[in-house]
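Please open the model in your viewer and keep the sequence beside it, so that each selection can be followed in both. The tour moves from one selection to the next and says what is found at each stop.

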Amino acid sequence: MLIHLLRHAEAEDVSPTGRDADRRLTEEGKKRMRSVAKAIARLDPGYEAVLVSPLTRTRQTAEPVAAACGFQRPFTETKNLAPNADPLEVLHELARLGPASALLVGHQPHFGRLFGLLLSGRSDLEVPMKKAALAAFEAPADPSLGPAELKFLLPPRLMEKLLVS
């Protein structure tokens, strides 16, 4: 299973409602995601599933990527990608869904712990990701069973420079 982790892009500090869940991408965040989405599409990931947290900013981050990659199915919204969720739970969810290739869009600190778990198989390692960064792992069909192979970690500026012409 190919697992792409995409941290959400830059979001507003406070939403109009005052709720963290309602925070939206800033104009700069939207602009960055348009270019990052083109870079991701050039990788031809063939996503069979796109999972987002219940927070607005992850859906807004995933939308341009899905459009650029031709992904036309509904997103899977899951509390297992919330900022303080247990990283192992989203891996169990992926095993149940069974996609060959999936995009997960989420947050810190969850993604740092999920990255560490995929990399080492341990729950005590955290590898923080920059906003709009993309990591790719090759994992077994049940990614909760052990470490996955890190294929790459690309910060957004590098994706923009290397993959977008």
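What follows is a walk through a predicted model, with stops at a helix, salt bridges, aromatic pairs and a surface patch.

**Helix α1**

Begin by selecting residues 27-42, which make up α1. At 1.5 Å a residue, the 16 residues of this helix should span 22 Å, and the end C-alpha atoms of α1 lie 23 Å apart, which agrees. Now colour the residues of α1 that are buried, namely Gly29, Met33, Ser35, Val36, Ala37, Ala39 and Ile40. When looking along the helix, it helps to remember that an α-helix has 3.6 residues a turn, so residues three or four places apart point the same way. After α1, move on to Asp44, where phi is positive, near 50 degrees.

**Salt bridges around Asp20**

Across the whole structure a search finds nine salt bridges, and the next selection brings up some of them. In general, side chains of opposite charge can pair when their charged atoms come close. Select Asp20 together with Arg23, and look for the salt bridge between their side chains, with N to O at 2.9 Å. Then add Arg57, whose side chain also meets that of Asp20 in a salt bridge, here at 3.3 Å from N to O. This second pair links distant parts of the chain, since Arg57 belongs to helix α2 (residues 56-69) while Asp20 sits in the loop between β1 (2-7) and α1 (27-42), 37 residues apart.

Which of the three are buried, and which is partly exposed? Arg23 is buried, with a relative accessible area of 15%, and Arg57 also counts as buried, at 4% relative accessibility, whereas Asp20 is partly exposed, with a relative accessible area of 38%.

For another salt bridge, select Arg122 and Asp124, whose closest N and O atoms are 2.8 Å apart. Arg122 counts as partly exposed at 44% relative accessibility, and Asp124 is exposed, with a relative accessible area of 59%. Returning to the earlier stop, Asp20, Arg23 and Arg57 are joined into one network by salt bridges that share partners.

**Two aromatic pairs**

Next, turn to the aromatic rings, among which a search of the whole structure finds two pairs. Select Phe71 and Phe75, which form a stacked pair, 6.4 Å from centre to centre and with 25 degrees between the planes. Phe71 counts as buried at 10% relative accessibility, and Phe75 is buried as well, with a relative accessible area of 17%.

Then select Phe115 and Phe137, whose ring centres are 5.0 Å apart and whose planes stand at 80 degrees, so the pair is edge-to-face. Here too distant parts of the chain are linked, with Phe115 in helix α4 and Phe137 in strand β5 (residues 134-138), 22 residues apart. Both residues are buried, Phe115 with a relative accessible area of 2% and Phe137 with a relative accessible area of 0%.

**A nonpolar patch on the surface**

For the last stop, show the surface and select Leu119, Leu150 and Leu153, which form a nonpolar patch there, with about 220 Å² of accessible area together. Leu119 lies in helix α4 (residues 110-120), the helix that also holds Phe115. Is Leu119 buried or partly exposed? Leu119 is partly exposed, with a relative accessible area of 36%.

Key
Residues are numbered from 1 along each chain as its sequence is written. This is a predicted model: local features need pLDDT of at least 70, side-chain atom pairs count only at pLDDT 80 or more; totals for chains, interfaces and linings use all residues. Side-chain values use heavy atoms; hydrogens and water are left out. Patches are made of residues with over 30% relative accessible area and no salt bridge: like charges are joined within 9 Å, nonpolar side chains (Val, Leu, Ile, Met, Phe, Trp, Tyr) within 5 Å. Accessible areas come from the Shrake-Rupley method with a 1.4 Å probe; for residues, only the protein chains shown count as cover. A salt bridge is a side-chain nitrogen of Lys or Arg within 4 Å of a carboxyl oxygen of Asp or Glu. Helices (H or I, at least four residues) and strands (E, at least two) are DSSP runs, numbered from the N terminus. Buried means under 20% relative accessible area, exposed over 50%, partly exposed in between (1.4 Å probe, protein chains only). The expected span of a helix is 1.5 Å times one less than its number of residues. Rings of Phe, Tyr and Trp (its six-membered ring) pair if their centres lie within 6.5 Å; planes under 30 degrees apart count as stacked, over 60 as edge-to-face and the rest as tilted.
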